[in-house]
Amino acid sequence: MTTMNIKDPRVHELARELAAIRGSSATAAVRQALEETLGRERREGARLADAVGELQERASKTMGEWIDEASLYDEVGLPK
């Protein structure tokens with residue numbers, strides 16, 4: 001198993017503060033915080049992937065239906 005040796009005093013301070021608030025050990029507090037953050041990141045990544053998929057689906061249904069310049073401008077070049 002790989003171990004971590006975190007030498008940043010601020011990280012230790014934050015871990016102790018979170019542990020005190022949660023009534024747990026610093027290790028448990030850090031583990032929970034990492035699990036919560038990782039879960040949020042995974043959900044956000046999945047949400048973005050779903051949004052991209054929806055855009056791809058919509059785009060595939062409109063292939064060949066693109067607007068050309070004749071649809072945008074009149075015969076003298078002004079916007080319609």
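These legends go with four close-up views of a predicted model.

**View 1. R10 and E13 pair up in helix α1.** Here the side chains of R10 and E13 come together in a salt bridge, with 2.9 Å from N to O. Both residues belong to helix α1, which covers residues 9-22. They sit three residues apart, or about one turn of the helix. As for cover, R10 has 43% relative accessibility, so R10 goes down as partly exposed. E13 comes out at 39%, so E13 is partly exposed too.

**View 2. R47 meets E44 in helix α2.** This close-up shows a salt bridge between R47 and E44, whose closest N and O atoms are 2.9 Å apart. The helix in question is α2, running over residues 26-61. Because R47 and E44 are three residues apart in this helix, about one helical turn separates them. R47 has a relative accessibility of 46%, which puts R47 in the partly exposed class. Its partner E44 has 35% and is likewise counted as partly exposed.

**View 3. E57 and K61 form another salt bridge in helix α2.** For this pair, the closest N and O atoms lie 3.7 Å apart, and the cut-off for calling a salt bridge is 4 Å, so the contact counts. E57 and K61 are four residues apart in helix α2, again about one turn of the helix. What about exposure at the two ends of the bridge? E57, at 43% relative accessibility, is partly exposed. K61 has 58%, and since exposed means over 50%, K61 counts as exposed. Taking the model as a whole, the count comes to four salt bridges; among them are R10 with E13, R47 with E44 and E57 with K61.

**View 4. M4, I6 and V11 make a nonpolar surface patch.** Now for something without charges: a patch on the surface built from M4, I6 and V11. Together these residues have about 290 Å² of accessible area. Which helix does V11 lie in? V11 is part of helix α1, the helix that also holds R10 and E13 from the opening view. V11 has a relative accessibility of 34%, so V11 is classed as partly exposed. That value also fits the patch rule, because patch residues need over 30% relative accessible area.

Methods: Residues are numbered from 1 along each chain as its sequence is written. This is a predicted model: local features need pLDDT of at least 70, side-chain atom pairs count only at pLDDT 80 or more; totals for chains, interfaces and linings use all residues. Side-chain values use heavy atoms; hydrogens and water are left out. Helices (H or I, at least four residues) and strands (E, at least two) are DSSP runs, numbered from the N terminus. Buried means under 20% relative accessible area, exposed over 50%, partly exposed in between (1.4 Å probe, protein chains only). Patches are made of residues with over 30% relative accessible area and no salt bridge: like charges are joined within 9 Å, nonpolar side chains (Val, Leu, Ile, Met, Phe, Trp, Tyr) within 5 Å. Accessible areas come from the Shrake-Rupley method with a 1.4 Å probe; for residues, only the protein chains shown count as cover.
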